Amino acid sequence: MEKEFTYPEPASLEADRLGEKMILNIGPSHPATHGVLRMKLELDGDLITRADPIVGQLHRGQEKMAENLTYNQFIPFTDRLDYLAPLCNNIAFVQCVEKIAGIGVTERCKAVRVICCELSRIASHLVGIAAYGMDAGSWTVFMYCFTQREKLCTLFEQLTGARMTTSYARVGGLARDIPEGWLGNVNSFANQFLPALDEIDALITRNKIFIDRTAGIGVVSPEQAMQWGLTGANLRGSGVASDLRKDVPYLGYENYEFDVPIGVNGDCYDRWLVRIEEMRQSIRIVRQAIEKMPDGPVNVADPRISLPKKEKVLRDMEDLINNFVLVTQGPDIPAGDAYFEAENPKGALGFYIVSKGGGVPYRVKIRAPSFVSLSAMQEILPGHHMSDMAVILGSFDFVLGECDR
Amino acid sequence: MVVFLQGRHNIGTIFLIMDKCFQQGFDAKSEQGFICTKLDSLINWVRANSIWPQPMGLACCAIELMGVGGSRFDIGRFGMEVMRFSPRQSDCMIVAGTVTYKMAGSVKRVYDQMAAPKWVVAMGACACSGGMFRTYSTLQGVDKVIPVDVYVAGCPTRPEALIDALMSLQNKIRSERSARGLFSK
Ligand code: SF4
């Protein structure tokens with residue numbers, strides 16, 4: 001490993017405070033790197049003069065696997081991209097497939113998907129701020145966040161059967177309709193969540209230590225944020241009011257009332273505030289979706305896309321054959337390609353799918369927001385102190401599963 | 001606590017002078033403040049009840065590992081909540097997540113840095129066998145590089161299953177011949 005640390009040019013002496021620079025390797029097994037990220041820092045005293053994030057320790061070859069799986073078979077793999085918000089990934093992927101095939105899903109399906117996306121967003125932000133708080137030295141906020149997240153996990157379990165890896169969406173609809181009484185559970189979750197969030201807010205947001213550690217640290221100007229391709233809460237933290245749910249509405253987001261919180265200074269503190277406020281807005285959307293939840297089927301009535309009803313499969317030969325063909329060969333998607341970006345908790349998660357017809361994609365390219373956030377570290381970290389690194393990494397809330405794919 | 005060893009060849013049986021409260025928890029007989037037990041039982045009792053895990057969080061399963069530390073499942077009830085990220089301070093590595101070829105070297109290195117006695121729990125399908133990722137970049141099970149004591153199924157492993165796994169690990173530790181390892185060269 002030592003070989004990788006040799007730098008071709010000697011560090012310039014003028015910039016040196018101690019007369020020599022030190023190379024420090026952090027990770028890939030380190031609590032501050034949120035997974036298997038490895039940071040190679042060049043330090044002058046405790047000032048970072050150069051930072052190289054080294055990714056790829058979690059590269060699992062998901063894009064390659066997609067080429068051998070039918071569209072519906074790939075959905076479980078999208079769970080493992082951003083494993084903090086699996087439902088969002090499921091939905092983003094099937095939305096892209098539906099875009100190629102020109103499938104319009106039913107109104108009920110859209111509303112359920114919106115609830116799923118927003119609950120996932122809350123779950124993801126909760127882990128995000130829990131880890132962020134931990135990086136800034138607060139263990140209590142971690143406990144508070146995980147208490148709420150467990151309640152969400154229970155909701156997901158009622159809906160999909162799994163706490164984290166949900167695999168709930170299907171091309172043209174959902175795996176199944178929502179269970180009876182689930183909306184009521186979501187509602188009671190929402191009611192108790194807002195006071196709990198206020199408590200988390202009160203614990204940390206006005207905490208002097210937290211402000212000292214985050215305000216003015218890791219400042220990203222709006223121009224820089226856009227140049228580097230940051231998306232989601234990290235972009236909005238820099239004061240750019242860009243939200244795909246507003247700009248390119250999908251799933252009927254144009255029918256919901258919600259605000260897009262933005263930061264002012266673009267520092268770590270603003271990114272914290274944006275995440276907290278986004279959770280409140282998500283609850284707002286969830287409540288509206290519950291209120292006007294339409295009736296009707298959740299799957300499109302197209303035998304080439306959706307599985308037939310189970311009772312029919314057990315009774316009719318034609319439906320049995322249809323079921324068999326759909327499961328083994330996948331839904332019939334016409335040739336073409338499409339790019340779809342969804343506003344995920346971590347930023348804009350994009351799928352570019354090339355189809356040559358049939359049930360298996362020819363190529364799936366995943367645009368991972370975490371990868372983009374991490375690439376910006378090379379620009380953001382230099383000039384900060386060593387101790388700020390944990391806070392900056394925490395404030396960008398990335399997840400390596402998505403970054404390395 | 002004072003330990004008297006009875007002769008060089010008889011270290012399996014020892015007398016201990018200690019408090020009454022020591023009596024529970026391991027296979028022992030007590031008389032007038034003396035406790036008669038096997039060194040194995042004593043060592044195992046100590047080891048099994050003070051596991052300091054090292055969370056080797058690699059992927060999705062690591063989130064459930066965090067959940068185990070949270071308030072609902074609260075691994076602290078079993079005396080294992082002291083998660084240590086430093087291999088020097090921990091004795092049970094929980095490999096939670098997909099081990100890729102790029103990461104395998106680091107996992108092995110961290111394992112080597114842990115002080116004996118050490119145990120490994122492979123958490124989740126990926127750590128056990130590569131799971132759903134049968135690809136060019138994924139190691140098909142962490143047992144290819146380090147010895148594993150307990151395998152836990154699940155994708156991701158549920159927190160209850162992990163707690164169960166750690167309790168099975170305690171059972172395993174209780175049945176080990178620890179004294180032999182201490183005194184043999
Ligand atoms: S077993 Fe499943 S949940 Fe766990 S790391 Fe592997 S893919 Fe993720």
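## Exercises around a ligand and two sheets

By class, 8 nonpolar, 4 polar and 1 charged residues make up the shell around the ligand. Keep in mind that this is a predicted model.

**Exercise 1.** Work out where the ligand lies and which residues surround it.

*Solution.*
- Start with the chains: the ligand is found between chains A and B.
- Next, look at the space it occupies, which is the largest cavity.
- Now collect the neighbours, taking a residue as near if one of its heavy atoms lies within 4 Å. That gives 13 residues, and the closest are Cys60(B), Cys61(B), Ala125(B), Cys126(B) and Cys155(B).
- Finally, ask which element gives the most to this shell. Helix α4 of chain B, residues 124-129, does, with 3 residues.

**Exercise 2.** Lay out the 4-stranded sheet of chain B and find its edges.

*Solution.*
- Write down the order: β5-β6-β7-β8 (chain B), an open sheet with parallel pairing.
- Pick out the edges. β5 (53-57) and β8 (150-152) of chain B each have a single partner strand, so one side of each has no neighbour in the sheet.
- Check the twist: on average, neighbouring strands here are turned by 15 degrees against each other, ignoring direction.
- Zoom in on one pair. β5(B) and β6 (residues 92-96) of chain B are held in the parallel sense over 5 bridges, and one of the residue pairings to look for is Pro53(B) with its bridge partner Cys92(B) in β6(B).
- Then see what covers the sheet. Helix α5 of chain B (residues 159-174) lies across β6, β7 (119-123) and β8 of that chain, and runs at about 155 degrees to β7(B).

**Exercise 3.** Find the cis peptide bond at Pro156(B) and place it in the chain.

*Solution.*
- Go to the bond that joins Cys155(B) and Pro156(B): it is cis, with omega about -5 degrees.
- Place the proline: Pro156(B) is in the loop between β8 and α5 of chain B.
- Link this back to Exercise 1, where Cys155(B) turned up among the closest residues to the ligand.

**Exercise 4.** Do the strand analysis again for the sheet β1-β2-β3 of chain A.

*Solution.*
- Note the layout: 3 strands, an open sheet, antiparallel pairing.
- Find the edges. β1 (22-26) and β3 (47-54) of chain A have a single partner strand each, so one side of each stays without a neighbour in the sheet.
- Add the twist, which averages 20 degrees from one strand to the next.
- Count the bridges between β1(A) and β2 (residues 38-44) of chain A: there are 5, and the two strands run antiparallel. Across this pair, Leu24(A) is opposite Leu41(A) in β2(A).

**Exercise 5.** Where does Asp397(A) lie, and what is its phi?

*Solution.*
- Locate it first: Asp397(A) is in the loop between α16 (388-396) and α17 (400-404) of chain A.
- Then read the angle: phi of Asp397(A) is near 45 degrees, a positive value in a residue that isn't glycine.

Definitions and conventions
Residues are numbered from 1 along each chain as its sequence is written. Chains are lettered from A and ligands numbered from 1 in the order in which they are written. This is a predicted model: local features need pLDDT of at least 70, side-chain atom pairs count only at pLDDT 80 or more; totals for chains, interfaces and linings use all residues. Side-chain values use heavy atoms; hydrogens and water are left out. On a 1 Å grid over the protein atoms alone, a cavity is a set of points where a 1.4 Å probe fits but cannot get out, and a pocket is an open set with protein on both sides within 12 Å along at least five of seven lines; lining residues have an atom within 4 Å of a point. A molecule sits in a cavity or pocket if more than half of its atoms lie within 2 Å of its grid points. Ala, Val, Leu, Ile, Met, Phe, Trp, Tyr, Cys and Pro count as nonpolar, Asp, Glu, Lys and Arg as charged, and the others, Gly among them, as polar. Two strands pair if DSSP finds at least two bridges between them. Axes are lines fitted to C-alpha atoms, for helices over the stretch in contact, and angles run from 0 to 180 degrees between N-to-C directions. Contact means heavy atoms within 4.5 Å.
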